[in-house]
Amino acid sequence: MSIEVRHVHKTFGNFTALGDISLTFPDGRLTALLGPSGCGKTTLLRIIAGLEQPDGGQVLLEGLDASHTHVRQRQVGFVFQHYALFRHMSVFDNVAFGLRVKPRKQRPSARQIHDKVMGLLELVQLDWLADRRPGALSGGQRQRIALARALAVEPRVLLLDEPFGALDAKVRKELRRWLRRLHDELHMTSLFVTHDQEEALEVADQVVIMNRGQVEQVGSPQAVYDQPASPFVYGFLGHVNLFHGRVQAGCLHTGGATLGRLGIDLGASGQGTAYVRPHDIQIVPLGTKHTDAPSEGLLVNLQRAHAFGPLAQLELRREDTQEIIEVVMPSQEFDQIRAQGHQRFIAHPRHARVFLQ
């Protein structure tokens, strides 16, 4: 089922939670609403579900205005961060609850409910826990039961609000892979809220990045990471180094250094900031034949290095401004540098995005 919101806005007192939001969520796709706490992503999800009323705008489900449709008529499955399972009920009864409370004319028979529930428990790979109480389950198992319960009523769309937020890092990683596989099997239009960048980029087909009640960018995980539309998106999606200076003749003049080959329009000029990810900076030891007469780059000193697995993380201090920059490089490459005892380098950004002020 396709979902569309048109010019939705919502305020709480003097606080604007959503300001004129218009979005389309494709049919059968998994979309992540990503952003920091307070950006409006959960409010938007609750408005789509019918749990919250907007101050203005429309929610369209399958092209029909559902803005004033009760939550029960929207046929939405909702999964919360804290499971919201009934502790006094077995796993089976928790999943069966939504079917048993349907109006008598719509309610399946006891046999149909049994078959439906056991089928869903098999789908989430927990049919062997049907007789247990939620308190006897791990956090990851309880969240999968909550998802099975949401699917039991055959919703047209699945909404998940920070579904893995209460779980530890290892379980989160396992469950988001499992959710991706489950979605590929069901092909149900799904939206999930998260503030975890890695989670959104790994799981979603489409990412909506929000900030202060506004949409900053919409696109595939690859597109929003490789082609950030704003400084906020660049900084929010992973670590980034900032170089402030003046743009002129295709270069950024920062401190006592000049950075070139940044893809800056030759006609652009003014104050600007270059955003460079740690893995997009190349360092060359000072004094080698490649740095005898460096015309472009930053003079830096090695302050700290931490190598683990295939990557090494370096902290380097600029000699002109004393600012720290971060560099990530292959551990084997750094091992060669460390073995030779180098401490001073020329740092060259290989890829950057410059935003003019």
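What volume does the largest pocket have? The views below start there, on a predicted model in which local features need pLDDT of at least 70, side-chain atom pairs count only at pLDDT 80 or more, and totals for chains, interfaces and linings use all residues. Residues are numbered from 1 along each chain as its sequence is written, and side-chain values use heavy atoms, with hydrogens and water left out.

**View 1. The largest pocket and its lining.**
The largest pocket has a volume of about 930 Å³. Here a pocket is an open set of points on a 1 Å grid over the protein atoms alone, with protein on both sides within 12 Å along at least five of seven lines, and lining residues have an atom within 4 Å of a point. Grid points are joined across faces, edges and corners, and a volume is the space filled by probe spheres set on them. The lining holds 24 residues, of which Arg72, Val76, Gly98, Val101 and Val153 are the closest to the pocket centre. Two or more lining residues come from each of strand 6 (76-79), helix 2 (91-100) and helix 4 (139-152). Helices (H or I, at least four residues) and strands (E, at least two) are DSSP runs, numbered from the N terminus. Sorted by class, this lining has 15 nonpolar, 5 polar and 4 charged residues. Nonpolar covers Ala, Val, Leu, Ile, Met, Phe, Trp, Tyr, Cys and Pro, charged covers Asp, Glu, Lys and Arg, and the others, Gly among them, are polar.

**View 2. The second largest pocket.**
This pocket holds about 330 Å³ of space. Its lining has 17 residues, and His239, Pro278, Gln313, Glu326 and Val328 are the closest to the centre. Strand 16 (298-308), strand 17 (311-318) and strand 18 (324-330) each supply at least two lining residues, with strand 17 giving the most, 4 residues. The classes here are 8 nonpolar, 5 polar and 4 charged.

**View 3. The open sheet around strand 16.**
Five strands form an open antiparallel sheet in the order 15-19-16-17-18; two strands pair if DSSP finds at least two bridges between them. Strand 15 (281-285) and strand 18 stand at the edges with a single partner strand each, so one side of each is left without a neighbour in the sheet. Strand 16 pairs with strand 19 (residues 344-349) over 4 bridges, and Val300 has Phe345 in strand 19 as its bridge partner. Helix 9 (residues 331-339) lies across strands 15, 16, 17, 18 and 19, at about 110 degrees to strand 18. Axes are lines fitted to C-alpha atoms, for helices over the stretch in contact, and angles run from 0 to 180 degrees between N-to-C directions.

**View 4. A closer look at Arg304 in strand 16.**
Arg304 counts as partly exposed because its relative accessibility is 48%, where buried means under 20%, exposed over 50% and partly exposed in between (1.4 Å probe, protein chains only). Leaving aside neighbours within four places in sequence, Arg304 is in contact (heavy atoms within 4.5 Å) with Gln313, Leu314 and Glu315. Arg304 and Glu315 are 11 residues apart in sequence and 5.1 Å apart in space, C-alpha to C-alpha.

**View 5. The largest cavity.**
A cavity is a set of grid points where a 1.4 Å probe fits but cannot get out. There are 3 cavities of 30 Å³ or more, and about 70 Å³ of space lies in the largest cavity. Its lining includes Leu30, Leu147, His183 and Ser190. Helix 5 (169-186) gives the most to this lining, with 4 residues. The lining divides into 9 nonpolar, 2 polar and no charged residues.
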